[in-house]
Number of protein chains: 2
Amino acid sequence: MDEIDIKEAGLKVTQPRVQILKIFETSTQKHFSAEEIFQLLRDDDSRVGLATIYRVLTQFETAGLVIRHNFEGGQAVFELDSGEHHDHIVDMKNGKIIEFHDEIIEQRQIEIAKEHGYQLIDHSLILYAEPIDK
Amino acid sequence: MDEIDIKEAGLKVTQPRVQILKIFETSTQKHFSAEEIFQLLRDDDSRVGLATIYRVLTQFETAGLVIRHNFEGGQAVFELDSGEHHDHIVDMKNGKIIEFHDEIIEQRQIEIAKEHGYQLIDHSLILYAEPIDK
DNA sequence: CTCAGTGCAAACTATTTGCAGATTT
DNA sequence: AAATCTGCAAATAGTTTGCACTGAG
């Protein structure tokens, strides 16, 4: 249940926070920009301000509920943190986002960092691709 | 010689363009934000406006002279396009940027895209890491 | 001399912040 | 009631654009 997550994050269970979390949980789409959430709530005639959405998303990010991605195109995109790490393919034709996980790449990244005297803390891998037309 | 590149890009050989290119070519550092270039030129008391720097960098990018990266932290970062593709390790402690190239990862990316019915157009791989202290 | 290029200020986009009033606990 | 939270408007940060003037070819 949403409310538990919010409470565990040390946040009050407010209207906007519940609604935003619900969007992530009930939609087939997994990735949303702040603006998109703003529109969805507006369509559902909730009167949540854009600033609040940014604030809540940032709090959720800090609490580990949500992950922020910086794909091309200015707007940050958020998704629920499922706990299972994955990277993304961005479909440049339709804007769709596909998730994948590849152990070979994951391991190489760690090795590469080590080869250069570093400990890998985090990484960002985004594949920009177009559908193969038949 | 710089001027040739500028001409081949179909651009006039102007003061600001030459100076900006020179920064990339003569510095040990390889990656610069627009703001950094602005400061460097100012220190060298050139009166080049920040807007011009952005315009020139964008033109250079279009001409394939320069590559734009969007690392964490808002500001875009530019480097000379050496022709040899590489990815980056960002040293989170010192802000240093290290380049690397790994064929295994390159190949896996292509395969992964294909497995999902896509043709890889471009990619962005950034490792965020900290130096291993001994 | 002509047209591309430049500086400056104003415009824009994405995001953040201050504050007075509204909500949660 | 106390403290957190929210909406709104104003502030920021990074980058882009309009325009009259400057400079390269």
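The exercises below work through a predicted model of two protein chains and two DNA strands.

Local features need pLDDT of at least 70 and side-chain atom pairs count only at pLDDT 80 or more, while totals for chains, interfaces and linings use all residues. Residues are numbered from 1 along each chain as its sequence is written, chains are lettered from A and ligands numbered from 1 in the order in which they are written, and side-chain values use heavy atoms, with hydrogens and water left out.

**Exercise 1. Describe the fold and surface of chain A.**

Step 1. Chain A has five helices and six strands; these are DSSP runs numbered from the N terminus, with helices of type H or I and at least four residues, and strands of type E and at least two. Along the sequence the pattern reads α-α-β-α-α-β-β-β-β-α-β.

Step 2. Along the principal axes, the C-alpha atoms of chain A fill a box of roughly 50 × 45 × 25 Å.

Step 3. Of the 134 residues in chain A, 40% are buried (under 20% relative accessible area, with exposed over 50% and partly exposed in between; 1.4 Å probe, protein chains only). The chain exposes about 7800 Å², of which carbon and sulfur atoms supply 48% (Shrake-Rupley method, 1.4 Å probe; for residues, only the protein chains shown count as cover).

**Exercise 2. Find the symmetry that relates chain B to chain A.**

Step 1. A turn of 180° and a shift of 0.0 Å along the axis lay chain B on chain A with an RMSD of 0.0 Å. That is the relation of a two-fold axis. The superposition is by least squares on the C-alpha atoms of residues with pLDDT of at least 70 in both copies.

Step 2. The same surface serves both copies, as 100% of the contact residues of chain B recur in chain A (contact: heavy atoms within 4.5 Å).

Step 3. Leu125(B) comes closest to the rotation axis of the residues of chain B, with its C-alpha at 2.2 Å.

**Exercise 3. Place Asp102(A) and list its partners.**

Step 1. Asp102(A) sits in the loop between strand E5 (97-100) and helix H5 (103-115) of chain A. Asp102(A) counts as buried because its relative accessibility is 7%.

Step 2. Apart from neighbours within four places in sequence, Asp102(A) is in contact with Arg108(B) and Ile112(B).

Step 3. The side chains of Asp102(A) and Arg108(B) make a polar contact at 2.3 Å (a pair of N or O atoms within 3.5 Å; within protein, one must be able to donate a hydrogen and the other to accept it, and residues adjacent in sequence count only if both atoms are side-chain atoms). A polar atom of the Asp102(A) side chain also lies 3.3 Å from the backbone nitrogen of Ile104(A).

**Exercise 4. Characterise the protein surface near DNA strand C.**

Step 1. DNA strand C is surrounded by 22 residues, the closest being Tyr54(A), Thr14(B), Arg17(B), Arg47(B) and Thr52(B) (near: a heavy atom within 4 Å).

Step 2. H4(A) gives the most to this surface, with five residues.

Step 3. Of the strand C atoms within 4 Å of the protein, 72% belong to sugar or phosphate and the rest to bases. Phosphate oxygens lie 3.2 Å from a polar backbone atom of Lys12(B) and 2.8 Å from a backbone N or O atom of Arg47(B). A base oxygen is 3.2 Å from an N or O atom in the side chain of Arg55(A).

**Exercise 5. Do the analysis for DNA strand D.**

Step 1. Around DNA strand D there are 21 residues, and Thr14(A), Arg17(A), Arg47(A), Thr52(A) and Tyr54(B) come nearest.

Step 2. H4(B) supplies the largest share of this surface, five residues.

Step 3. A base oxygen of strand D is 3.2 Å from an N or O atom in the side chain of Arg55(B).
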